[in-house]
Amino acid sequence: PELEYFGQMHGTYLFAQGNGGLYIIDQHAAHEKVYYERFVKLFQSQNIQSQYVSPPLIVSLSLEEENLLKANKKYFRDFGFEIEPFGGREYSISAVPSSLLGMTEEELFLEMLDHLTADGSKDAFELFTARLATMACKAAVKGNHSMSPQEADKLIDELLTLENPYNCPHGRPTIIAMSKTEIEKKFKRIV
């Protein structure tokens, strides 16, 4: 439904009205869901942009990590990384996904690497979405953060365009509703 934002509580919950009811939105969960969906769509459309880092990031890998990297080169390339051998078991990362959603380049790279298999058998999209939920959570606005009415309106509008705006990637509710009838019952206006 169309929602009209009218306030915020404790820098954490947004209040809106519409369709004969009250809507309470957890701003962190809503922001997390918006980030998550946005990045999933970019990955599905193969439209992830790379951002060059200067100087390149040099990472030292264990033998196991190096084998994982070699077995999953395409996965990292599809995700927006440009990685080249740098000598020994060190690698130079010269480009990273342009939207890191609150994670450092090295943190994202190592977290993704830790969840891959040496035979390259895991589905890259499945791995990606699992990492993305963590990334979106870290990047989303936190509780106790005052949002301007414009920011709140934009977040609510974007949340409501999603196919399933009701839960964050971890399954927590993003929005709860109370109908006018429920509110009237609470105040004993109707029985």
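Biologist: Let's start with K33. Which residues does K33 touch, not counting those up to four places away in sequence?

Modeller: Keep in mind that this is a predicted model. K33 is found in helix α1. Leaving out residues up to four places away in sequence, K33 touches L159, L162, N164, N167, C168, P169 and T174.

Biologist: Is K33 buried or exposed?

Modeller: The cut-off for buried is under 20% relative accessible area. K33 has a relative accessible area of 6%, so K33 is buried.

Biologist: Which residues in α6 do the α1 residues meet?

Modeller: Helix α1 covers residues 27-44, and helix α6 covers residues 149-160. On the α1 side the contact involves Q27, A30, H31, K33, V34 and R38. On the α6 side, the residues they meet are L155, E158 and L159.

Biologist: How many of the residues in the contact of α1 with α6 are nonpolar, polar and charged?

Modeller: K33 and E158 both take part in this contact. The residues of the contact divide into four nonpolar, two polar and three charged.

Biologist: Are α1 and α6 parallel or oblique to each other?

Modeller: The two helices pack with their axes 10 Å apart, at an angle of about 55°. That makes the arrangement of α1 to α6 oblique.

Biologist: And is the crossing of α1 and α6 left-handed or right-handed?

Modeller: This is the pair whose axes lie 10 Å apart. The crossing of α1 and α6 is left-handed.

Biologist: On to the strands. Which strands stand at the edges of the sheet β1-β2-β3-β7?

Modeller: Four strands make up this open sheet, in the order β1-β2-β3-β7, and the pairing is antiparallel. An edge strand has a single partner strand, so one side is left without a neighbour in the sheet. Here the edge strands are β1 (4-9) and β7 (175-179).

Biologist: How many bridges join β2 to β3?

Modeller: β2, residues 13-18, pairs with β1 over five bridges in the antiparallel sense. β2 and β3 also run antiparallel, and the bridges that join them number six.

Biologist: What is the bridge partner of Y13 in β3?

Modeller: Y13 in β2 stands opposite M9. In β3, the bridge partner of Y13 is D26.

Biologist: Which residue takes a positive phi in the hairpin of β2 and β3?

Modeller: This hairpin has two residues between the strands. One residue there has a phi near 50°, and that is N19.

Biologist: What is the bridge partner of I24 in β7?

Modeller: β3 and β7 are paired in the antiparallel sense, over five bridges. In β7, I24 has as its bridge partner I176.

Biologist: How many of the six residues of β3 are buried?

Modeller: α1 lies across β1, β2 and β3 (21-26), and runs at about 75° to β3. β3 is mostly covered, and of its six residues the number buried is five.

Biologist: Which strands are the edge strands of the sheet β4-β6-β5?

Modeller: This is an open sheet of three strands in the order β4-β6-β5, with antiparallel pairing. Each edge strand pairs on one side only, and these are β4 and β5 (82-87).

Biologist: Which helix packs on that sheet?

Modeller: The helix touches β4, β5 and β6. Its direction makes about 65° with that of β4. This is helix α4, residues 105-114.

Biologist: How far apart in space are V53 and V96, C-alpha to C-alpha?

Modeller: V53 is found in strand β4, residues 50-60, and β4 is joined by seven bridges to strand β6, residues 90-97. V96 is among the residues in contact with V53. In sequence V53 and V96 are 43 residues apart, but in space the C-alpha to C-alpha distance is 7.3 Å.

Biologist: Which β6 residue does Q51 stand opposite?

Modeller: β4 and β6 run antiparallel. The residue opposite Q51 in β6 is V96.

Biologist: One last residue: is E66 buried or exposed?

Modeller: E66 lies in helix α2, residues 63-71. Leaving aside neighbours within four places in sequence, E66 is in contact with L61, G88, R89 and Y91. With a relative accessible area of 8%, E66 is buried.

Note on methods: Residues numbered from 1 in each chain as written. Predicted model: local features only at pLDDT ≥ 70, side-chain atom pairs only at ≥ 80, totals over all residues. Heavy atoms only, no water. Axes fitted to C-alpha atoms, helices over the stretch in contact; angles between N-to-C directions. Parallel < 35°, antiparallel > 145°, perpendicular 65-115°, else oblique. Left-handed = near helix turned anticlockwise from the far one by under 90°. Contact = heavy atoms within 4.5 Å. Nonpolar A, V, L, I, M, F, W, Y, C, P; charged D, E, K, R; others polar. Pairing = 2+ DSSP bridges. Buried < 20%, exposed > 50% of the residue type's maximum accessible area, 1.4 Å probe, protein only.
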